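Trainee: I would like to learn how to read this structure. Please start with one residue and then move outward.

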Amino acid sequence: MDQPEASADRPPVEALSTVFHLRNVRRDGDRILYYGESLVPEEMLVREVWSTFRDAGYEIRLSRSRSGVDVLVAEPVDNEIDGVPWKNVLLFALTVLSTLFVGAIAWYYIPVGTLVENPLAALEAWPFTVSVLGVLLTHELGHYAMARHHGVDVSLPYVIPFILPFGTMGAIIRMRGRMPDRRALFDIGVAGPLAGLAATIVVTAIGLSLPPMRVPPEVFSGGGEMIVFHDPPLLDLIAWILNEPTSYEGSLTVHPVIIGGWVGMFFTVLNLLPVGQLDGGHMLRAMLGERQESVAVAVPVVLFGLSGYLHYVRGLGLNESVGLWAFWGLFSTFIAFNGPARPVDETPLDRRRTAVGLFTFGMGLMCFMLVPISVGG
């Protein structure tokens with residue numbers, strides 16, 4: 001049997017003495033495996049020794065071997081970017097292409113045939129691509145920068161290519177390891193919406209100041225379904241401040257850059273849903289502690305209620321946001337079931353952070369639309 005050894009490159013075994021009956025210590029590559037029996041529940045064990053291991057550069061988790069022995073696994077924290085992040089680069093390049101071609105077809109009215117003959121014609125949609133990806137990446141980089149500030153292991157953003165109507169499904173980052181405390185959880189959660197909203201306001205203001213686009217006659221005469229994006233209150237407020245219109249008569253329509261602002265507002269609403277691992281879930285978990293889970297249970301009910309109200313009271317169909325809220329009701333049920341992040345230190349937030357959280361949720365309400373999208377002939 002291996003004996004626990006003192007070593008300068010790993011946390012001292014004395015840190016485990018009151019919470020873990022240590023029998024054996026082994027190395028598995030960069031990992032250190034502590035075999036024995038936990039004397040307390042997992043959350044208490046982590047709370048007691050996490051800071052010691054973290055100061056030594058390790059993240060920890062408790063597992064169980066096939067023989068039924070508890071194993072505390074210590075893995076080194078690696079916040080450095082090792083080489084070129086090819087997966088991130090590839091997804092970004094694909095999303096640039098998808099937003100260019102979708103933007104060219106849907107928002108610059110370039111015929112598909114023209115794009116087949118001359119793919120470079122899609123470059124005309126570069127303002128749309130810059131506005132949409134600029135808003136989404138600013139949001140995720142807000143999370144990334146704050147995570148690095150708090151020493152939380154986090155990936156670079158992944159942007160996801162898609163098809164109509166925006167050419168992307170959004171962007172995500174992946175957090176690894178445990179959240180140190182409620183303060184870090186809040187800061188990381190709120191940084192994305194605040195950074196994204198700042199970019200959204202700038203993009204919307206630029207889009208409103210640009211000249212309108214002329215819709216080709218064949219778009220109206222084609223007999224197809226038109227997608228209508230309804231204005232959130234924040235967009236109307238920005239337009240009122242700038243004294244710019246949000247719609248035009250006849251064959252004129254707003255500049256496609258405004259769609260980048262609309263996307264930012266819509267994704268802000270979805271991300272601020274106070275459930276699970278969404279930004280709103282992180283923020284409310286940090287603000288309320290474990291009471292957040294009681295709020296999270298109500299979120300799917302509210303979303304299904306919105307869907308039912310639009311259908312049975314307003315008489316709207318699935319393509320008039322009824323299906324949208326029903327889908328998010330199902331999705332929020334799933335992520336609520338998986339639960340929120342659980343910080344190691346449960347010390348409550350200070351009043352300043354609580355005020356920032358209330359302000360951010362208030363800005364989210366300014367982005368809310370009961371009927372965001374409708375489709376009709």
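Mentor: This is a predicted model. Leaving aside residues up to four places away in sequence, Asn-88 touches Leu-156, Pro-157 and Tyr-158.

Trainee: Where is the place of Asn-88?

Mentor: Asn-88 lies in helix H2.

Trainee: Does Asn-88 count as buried or exposed, and why?

Mentor: Buried means under 20% relative accessible area. Asn-88 counts as buried because its relative accessibility is 12%.

Trainee: Which residues does helix H2 span, and what is the state of Leu-94 there?

Mentor: Helix H2 covers residues 86–106, and Leu-94 is in it. Values between the buried limit of 20% and the exposed limit of 50% are called partly exposed. Leu-94 has a relative accessible area of 39%, so it is partly exposed.

Trainee: Which residues form a nonpolar patch with Leu-94 on the surface?

Mentor: The patch consists of Leu-90, Leu-94, Leu-97 and Phe-101, and together they have about 350 Å² of accessible area.

Trainee: What does the protein expose as a whole?

Mentor: About 19100 Å² is exposed, with 62% of it supplied by carbon and sulfur atoms. Of the 377 residues in the protein, 45% are buried.

Trainee: How many helices and strands are there?

Mentor: The protein has twelve helices and ten strands. Its C-alpha atoms fill a box of roughly 80 × 50 × 40 Å along the principal axes.

Trainee: How many side chains are positive and how many negative?

Mentor: There are 25 positive and 36 negative side chains, and the centres of the two sets lie 7 Å apart.

Conventions. Residues are numbered from 1 along each chain as its sequence is written. This is a predicted model: local features need pLDDT of at least 70, side-chain atom pairs count only at pLDDT 80 or more; totals for chains, interfaces and linings use all residues. Side-chain values use heavy atoms; hydrogens and water are left out. Helices (H or I, at least four residues) and strands (E, at least two) are DSSP runs, numbered from the N terminus. Buried means under 20% relative accessible area, exposed over 50%, partly exposed in between (1.4 Å probe, protein chains only). Accessible areas come from the Shrake-Rupley method with a 1.4 Å probe; for residues, only the protein chains shown count as cover. Lys and Arg count as positive and Asp and Glu as negative; His and the chain ends are not counted. The place of a charge is taken as NZ of Lys, CZ of Arg, CG of Asp or CD of Glu. Patches are made of residues with over 30% relative accessible area and no salt bridge: like charges are joined within 9 Å, nonpolar side chains (Val, Leu, Ile, Met, Phe, Trp, Tyr) within 5 Å. A salt bridge is a side-chain nitrogen of Lys or Arg within 4 Å of a carboxyl oxygen of Asp or Glu. Contact means heavy atoms within 4.5 Å.
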